[in-house]
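Student: I have a structure to go through, and I want the reasoning behind each label. Can we take it term by term?

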Amino acid sequence: MKNINIEKDLLIKEISEKIREIRRELNLKDVDFEIVDIEIIWEDNDTFLNICVPTRSDKSTIIGPGGWVVGKLREYLKDRFPGNLKILVDTYTDRLILKKKEERALSILKRIGLKKGERVLVLVQCSYDLGVLDFLRKCFKVFAVSLNIGSVVLPPKNRKLIEDYFVRYKIPHKSLDPIKLKGEDIRKVLGGYPCDLCNGIVFKYLIEECRRMEIRYLINNNHTSQEIERLEDVYIINFLKLYPLKRDILRKNYPYLKCPLMIQTLKENEDLKVKRIGDIVSEVYEGLMEPGIGAEVILEIGKLGKNKG
């Protein structure tokens, strides 16, 4: 990762004028906004243009409804920078909060002995796992594991996306086949929280795999677990709960691997739908997800079950 030197004041002025022009083209209200800082970073053939603004109102103005304003801004600027241009918009307050969370997370990881270059076992199954793995592989020696317990959890399309990623980045990996789900197993899961099924397998089989490989740290990004749990000699880390990774980057850069079991449960369980929407809203308010992306995910969840007879 390296910073790209550019005249900040001139670029901020140009971007501000272009945003106003784009909003006029889209027939959006002409409102005041301020850009307090920009940072341009190049990493792995991507250029990240980080725009920092004072308030969330400024952030919403720059992003625009459905992300249309920032999308057109990217089209305008994309040929000015090397690689694939990605624009992020943060508020100054959110940036400070995320920085504090990052410092806390690093302190906790250091306390349990997880330092740069350590070996970690990462469960890659669904949701944001590939994005998290991409972050971890730059800091640790990662070994990836997926659970082959039935297509209702890991369908062929998802499996191919995951395996293609492993091959592309030369990630050592293994597929475990501890059980095969039967109809009665699936019916039981649909009545509760589907991730509990994989969590049970994680605790039983992946802990054994960690011990066999003499790895002390297991990364499992399921949002139902605590930040860190310890099972004798193995630490189970929910990295997404502990470390403030931006969900937008995880979702845009890598396929959003949807779990069929979760989708089916959301169709049948209104309480779980409300909980999942609440989780997304929290991520938006915590600065972990852009409002436009959060709205898209909430709409996806809200549509589930509407056609139920």
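Tutor: What follows is a run of questions about labels, each answered from a value and a cut-off.

Student: What kind of model is this, and how many helices and strands does the protein have?
Tutor: The model is predicted. The protein has 13 helices and 10 strands. Of its 309 residues, 47% are buried. Among contacts with a separation of 6 or more, 68% join residues 24 or more positions apart.

Student: Start with α5 and α6. What makes them roughly parallel?
Tutor: Two numbers describe packed helices: the angle between the axes and the distance between them. For α5 (residues 129-136) and α6 (residues 156-168), the angle is about 10 degrees and the axes are 11 Å apart. Roughly parallel needs an angle under 35 degrees. About 10 degrees meets that, so α5 and α6 are roughly parallel. The crossing of α5 past α6 is right-handed.

Student: Which residues make that contact, and how do they divide by class?
Tutor: Helix α5 supplies Leu 130, Leu 133 and Asp 134. Helix α6 supplies Leu 161, Ile 162, Tyr 165 and Phe 166. By class, that is 6 nonpolar, no polar and 1 charged. Asp counts as charged, so Asp 134 is the charged one.

Student: Now α2 and α3. Why is α2 called oblique to α3?
Tutor: The axes of α2 (residues 56-63) and α3 (residues 68-77) cross at roughly 60 degrees and come within 5 Å. Roughly parallel stops at 35 degrees, and roughly perpendicular starts at 65. An angle of roughly 60 degrees falls between those limits, so α2 is oblique to α3.

Student: What meets what there, and which residue is the polar one?
Tutor: Thr 61, Ile 62 and Ile 63 of α2 meet Trp 68, Val 69 and Val 70 of α3. The classes come to 5 nonpolar, 1 polar and no charged. Thr is on neither the nonpolar nor the charged list, so Thr 61 is the polar residue.

Student: On to the rings. How do you know that Phe 135 and Phe 239 form a tilted pair?
Tutor: The whole structure has 5 aromatic pairs. In this one, Phe 135 and Phe 239 are 5.9 Å centre to centre, with 45 degrees between the planes. Pairing needs centres within 6.5 Å, and tilted lies between the 30 and 60 degree limits. Both values fit, so the pair is tilted. Phe 135 is in helix α5 and Phe 239 in helix α9 (residues 239-242), 104 residues apart.

Student: Is Phe 135 buried or exposed, and what about Phe 239?
Tutor: Buried means under 20% relative accessible area, and exposed means over 50%. Phe 135 has 26%, so Phe 135 is partly exposed. Phe 239 has 1%, so Phe 239 is buried.

Student: What makes the pair of Phe 135 and Tyr 243 tilted?
Tutor: Their ring centres are 5.2 Å apart and their planes stand at 45 degrees, so the pair is tilted. Phe 135 is in helix α5, and Tyr 243 is in the loop between α9 and α10 (247-253). The pair ties together parts 108 residues apart in sequence. Tyr 243 counts as buried at 9%. Ring pairs link Phe 135, Phe 239 and Tyr 243 into a cluster.

Student: Why does Arg 159 count as buried?
Tutor: Its relative accessibility is 19%, and the cut-off is under 20%, so Arg 159 counts as buried. Arg 159 lies in helix α6. Leaving out residues up to four places away in sequence, Arg 159 touches Asn 148, Leu 154 and Ser 175.

Student: How do you know that Leu 250 is buried?
Tutor: Leu 250 has a relative accessible area of 6%, under the 20% limit, so it is buried. Leu 250 is found in helix α10. Beyond its neighbours within four places, its contacts include Tyr 128, Gly 131 and Val 132.

Student: What makes phi notable at Lys 170 and Glu 214?
Tutor: Most residues other than glycine have a negative phi. Lys 170 has a positive phi near 55 degrees. Glu 214 has a positive phi of about 60 degrees. Lys 170 is exposed at 74%, and Glu 214 counts as exposed at 70%.

Methods. Residues are numbered from 1 along each chain as its sequence is written. This is a predicted model: local features need pLDDT of at least 70, side-chain atom pairs count only at pLDDT 80 or more; totals for chains, interfaces and linings use all residues. Side-chain values use heavy atoms; hydrogens and water are left out. Axes are lines fitted to C-alpha atoms, for helices over the stretch in contact, and angles run from 0 to 180 degrees between N-to-C directions. Helices (H or I, at least four residues) and strands (E, at least two) are DSSP runs, numbered from the N terminus. Angles under 35 degrees count as roughly parallel, over 145 as roughly antiparallel, 65 to 115 as roughly perpendicular and the rest as oblique. A crossing is left-handed if the near helix is turned anticlockwise from the far one by less than a right angle, and right-handed if clockwise. Contact means heavy atoms within 4.5 Å. Rings of Phe, Tyr and Trp (its six-membered ring) pair if their centres lie within 6.5 Å; planes under 30 degrees apart count as stacked, over 60 as edge-to-face and the rest as tilted. Buried means under 20% relative accessible area, exposed over 50%, partly exposed in between (1.4 Å probe, protein chains only).
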